[in-house]
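Subject: The structure we talked about

Hi there,

Here is the structure I promised to pass on. Have a look at it first, and my notes follow below.

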Amino acid sequence: MSAETSKKTVGKTGNRVVAVVCLAFFTGMIGMAYAAVPLYKMFCQATGYGGTTQRAEKQYAGRVLDREITVRFDANIAGVPWEFQPVQRSMTMKIGQTVQAHYQATNKFDRPVTGRATFNVQPELAGPYFNKVECFCFTDTTLKPGETLDMPVLFYVDPDIVNVPELKDVKTITLSYTMFPVEKTKPVASSGPAQGNSKTVSDTEGNLGG
């Protein structure tokens, strides 16, 4: 084999190695990107980071304090052609008491639309002490044209919140949901009138605890 031929062979082998390494790196980056969302979600649920509520392993706090706290409910939409709002704007309960609130969503579009809700609480430090037992967040929900969905949230505020210096005097917590489209939809202005119907969904994320 000539020196020139040997160089060409070595060059081709080196190119193959570089290509394989680049492909492996690219594939790994894609895998990390897909894994980032669920990993971030689990991190937030476990720590309450960024106002994310805690994952409740039990339905009751175990003790109820003789002190009340008010929870305000907020709803937003981000590109999904729905009406989305809480059934009541606020609720006052004792700290540690398990209560249920309801949100409601109506599809105003002329075809089925799938949405998914994310959430947080304010103040952010209250996230680890706001425990949701049942919720509809992070669950893909499809509504038919004109369909209305009742979306319950079962929760309690952990009594340990009064032991946190920054939160011991907090009297109000805001629970906020934002509904996003799971798939692209046509502009709301182009949708036609839809006849309404309704249904109720219960414990849509009981297994997720989100």
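Which residue in β10 does R116 stand opposite? R116 faces F180 there. Please keep in mind as you read that this is a predicted model.

**The overall layout**

The protein has one helix and eleven strands. Going along the sequence, the helix comes before the strands, in the pattern α-β-β-β-β-β-β-β-β-β-β-β. Of the 210 residues in the protein, 37% are buried. If you take the contacts with a separation of 6 or more, 79% of them are between residues 24 or more positions apart.

**The five-stranded sheet**

Five of the strands make an open sheet in the order β4-β2-β10-β6-β8, and the pairing is mixed. At the edges are β4 (90-94) and β8 (141-143), each of which pairs on one side only. On average, neighbouring strands in this sheet are turned by 30 degrees against each other, with direction ignored.

Strand β10 is a good place to start looking. Strand β2 (residues 68-77) runs parallel to β10 (residues 172-181), and eight bridges join the two. Along this pairing, V71 has I173 as its bridge partner in β10, and D74 stands opposite S176.

Strand β6 (residues 113-122) is also joined to β10 by eight bridges, but here the strands run antiparallel. The R116 and F180 pair from the opening question belongs to β6 and β10.

V121 is another residue of strand β6. Is V121 buried or exposed? V121 has a relative accessible area of 0%, so it counts as buried. The C-alpha atoms of V121 and Y177 are 8.9 Å apart in space, while the two residues are 56 residues apart in sequence.

**Aromatic residues**

How many aromatic pairs does a search of the whole structure find? The search finds ten. One of them is F130 with F155: the ring centres are 4.9 Å apart and the planes are at 15 degrees, so this pair is stacked. Because F130 is in strand β7 (residues 130-134) and F155 is in strand β9 (residues 147-157), the pair ties together parts that are 25 residues apart in sequence. Both rings belong to buried residues: F130 has 0% relative accessibility, and F155 has 0% as well.

F130 and F155 are also members of one aromatic cluster, together with F73, F84, Y103, F119, F136, F138 and Y177. F119 has a charged companion too, since the charged end of K132 sits over the F119 ring, 3.2 Å from its centre.

F138 deserves a separate look in your viewer. This residue has a positive phi of about 60 degrees although it is not a glycine. F138 lies in the loop between β7 and β8. With a relative accessibility of 27%, F138 counts as partly exposed, because the buried class covers values under 20% and the exposed class values over 50%.

**Cysteines**

How many disulfides does the structure hold? The number is zero. Two of the cysteines I checked are C135 and C137: C135 counts as buried at 1% relative accessibility, and C137 is buried at 0%.

**Two loops to look at**

In the loop between β6 and β7 you will find P123. The peptide bond that joins Q122 and P123 is cis, with omega about 0 degrees.

The loop between β9 and β10 holds V162. Its relative accessible area is 25%, so V162 is partly exposed. Which residues is V162 in contact with, leaving aside its neighbours within four places in sequence? They are L65, R67, I95 and K168. For V162 and L65, the C-alpha atoms are 9.7 Å apart in space, although the residues are 97 residues apart in sequence.

If you only have a few minutes, I would open the F130 and F155 stacked pair, then the cis bond between Q122 and P123, and then F138 with its positive phi.

Happy to go through any of this with you.

Best wishes

How values were computed. Residues numbered from 1 in each chain as written. Predicted model: local features only at pLDDT ≥ 70, side-chain atom pairs only at ≥ 80, totals over all residues. Heavy atoms only, no water. Pairing = 2+ DSSP bridges. Helix = DSSP H or I, 4+ residues; strand = E, 2+ residues; numbered from the N terminus. Axes fitted to C-alpha atoms, helices over the stretch in contact; angles between N-to-C directions. Disulfide = S-S within 2.5 Å. Buried < 20%, exposed > 50% of the residue type's maximum accessible area, 1.4 Å probe, protein only. Phe/Tyr/Trp six-rings, centres within 6.5 Å; stacked < 30°, edge-to-face > 60°. Lys NZ or Arg CZ within 6 Å of the ring centre and 35° of its normal. Contact = heavy atoms within 4.5 Å.
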